[in-house]
Amino acid sequence: LYSVAMSPDGRYVFCGGWSGYGWDKAHSVYVFERESGRLVRRLTGLPSVINHLTVSHDGAYLAAALGEDGVRVWRLSDLALIGQDKDYKGESYGAAFDGKNHLATACYDGQIRLYRVADTGLTLLAKVQAQGGTRPFSLAFSPDGSQLAVGFTDTAAVAVLDGETLGLLGAPNLAGVDNGNLASVAFAADGSLLAGGRWVTDRGCPIRSFKPSDFVQYRDLDTGKSAVVTLCPLPDGGLAYGTVAPRWGVLRPDGS
């Protein structure tokens with residue numbers, strides 16, 4: 001299981017990965033009831049590994065980024081598959097919703113895609129070649145949806161795009177980031193941009209944090225010596241993170 005997501009009301013947990021192919025010759029997303037742990041349903045028949053899962057802010061839709069064959073979207077009211085885009089030329093590891101049910105995806109074909117999601121399906125709004133690297137990995141919308149951050153696995157670059165047009169807005173100050181990558185990106189509750197990954201310093205593998213709408217001033221937050229693989233902003237302004245150790249941690253808003 002490589003990916004997990006939870007409905008905003010905490011009722012359901014969704015898990016996916018490589019599991020299922022050995023007996024079904026297809027992959028599945030598993031839907032669990034959080035409180036009881038009961039398996040409610042499997043979303044079956046997927047052609048490839050599920051690398052990432054994300055739920056829309058209103059709890060209406062679940063999206064899956066696949067190792068091959070693109071993206072799938074289900075309506076959570078009845079768990080019906082309502083949209084898909086198979087026109088991907090590489091692995092996809094990143095998908096994110098904004099507050100208006102727009103879905104952005106990243107793919108190793110170098111493309112960033114933006115969709116409108118509705119019960120009638122997916123509508124492709126924009127598709128651009130990523131700038132800064134050739135393998136876009138993760139992406140995240142700012143709280144107001146105006147910005148979309150992209151992290152890469154093949155370079156230490158981070159790109160910030162317009163959340164509606166995917167036009168390039170700028171690149172954050174990465175002074176001193178001279179190795180590895182900052183593949184995992186997120187926005188904190190106050191709009192601060194966060195980026196971490198396999199960048200190694202004498203302090204370990206820090207997370208770089210930029211002030212809201214200011215990609216010049218930054219501070220580096222200590223997480224330990226293991227590469228950071230996921231960032232999860234918390235409502236109080238803090239941050240949860242996971243590493244390859246495997247280990248996870250929580251940072252308070254002040255970075256402690």
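Reader: What radius of gyration would a compact globule with 256 residues have, and what does the protein chain have?

Author: This is a predicted model, and every value in our talk is computed from it. A compact globule with 256 residues would have a radius of gyration near 18 Å, and the protein chain has 17 Å, which agrees with that expectation. The extent along the principal axes can be read beside this value: the C-alpha trace spans about 45 × 40 × 30 Å.

Reader: How many helices and strands does the protein chain have?

Author: Elements of this kind are runs of residues, numbered from the N terminus. In this structure the protein chain has one helix and 23 strands. Helix 1 covers residues 21-24, and the loop that holds Lys-25 runs between this helix and strand 3 (27-33).

Reader: How can I read burial, and what share of the residues is buried?

Author: A residue counts as buried when its relative accessible area is under 20%, and as exposed when that area is over 50%. Buried residues make up 54% of the 256 residues in the protein chain. The chain still exposes about 11,700 Å², and carbon and sulfur atoms supply 50% of that area.

Reader: Why does Cys-15 form no bond with the closest cysteine sulfur?

Author: A disulfide needs two cysteine sulfur atoms within 2.5 Å. The sulfur closest to that of Cys-15 belongs to Cys-232 and is 14 Å away, so the two are too far apart for a bond. In the structure as a whole there are zero disulfides. As for burial, Cys-15 counts as buried because its relative accessibility is 12%, and Cys-107 counts as buried at 0%.

Reader: Where is Tyr-2 placed in the chain, and is this residue buried or exposed?

Author: Tyr-2 is placed in the segment before strand 1 (3-6), and it counts as exposed because its relative accessibility is 55%. An exposed residue may still have contacts to read, and Tyr-2 touches Gly-16, Gly-17, Trp-18, Val-49, Ile-50 and Asn-51, when residues up to four places away in sequence are not counted. The C-alpha atoms of Tyr-2 and Gly-17 are separated by 4.6 Å, although these residues are 15 apart along the chain.

Reader: Which residues is Trp-18 in contact with, leaving aside its neighbours within four places in sequence?

Author: Trp-18, found in the loop between strand 2 (12-16) and helix 1, is in contact with Tyr-2, His-27 and Val-49 once those neighbours are left aside. The C-alpha atoms of Trp-18 and Asn-51 are separated by 8.5 Å, and these residues are 33 apart along the chain. For the whole chain, among contacts between residues at least 6 apart in sequence, 35% join residues at least 24 apart.

Reader: Which residues have a positive phi although they are not glycines?

Author: Two examples can be read here, and the first to look at is Lys-25, with a positive phi of about 60°; this residue counts as exposed because its relative accessibility is 60%. Asn-101 also has a positive phi of about 60°, and its place is in the loop between strand 9 (94-97) and strand 10 (102-106). Asn-101 is buried, with a relative accessible area of 13%.

Reader: Which residues does a cis peptide bond join?

Author: The omega angle is the value to read, and for the cis peptide bond that joins Ala-245 and Pro-246 omega is about 0°. Pro-246 lies in the loop between strand 22 (239-243) and strand 23 (247-251).

How values were computed
Residues are numbered from 1 along each chain as its sequence is written. This is a predicted model: local features need pLDDT of at least 70, side-chain atom pairs count only at pLDDT 80 or more; totals for chains, interfaces and linings use all residues. Side-chain values use heavy atoms; hydrogens and water are left out. Buried means under 20% relative accessible area, exposed over 50%, partly exposed in between (1.4 Å probe, protein chains only). Helices (H or I, at least four residues) and strands (E, at least two) are DSSP runs, numbered from the N terminus. The radius of gyration is taken over C-alpha atoms; the globule rule is 2.2 Å times the number of residues to the power 0.38. Contact means heavy atoms within 4.5 Å. Accessible areas come from the Shrake-Rupley method with a 1.4 Å probe; for residues, only the protein chains shown count as cover.
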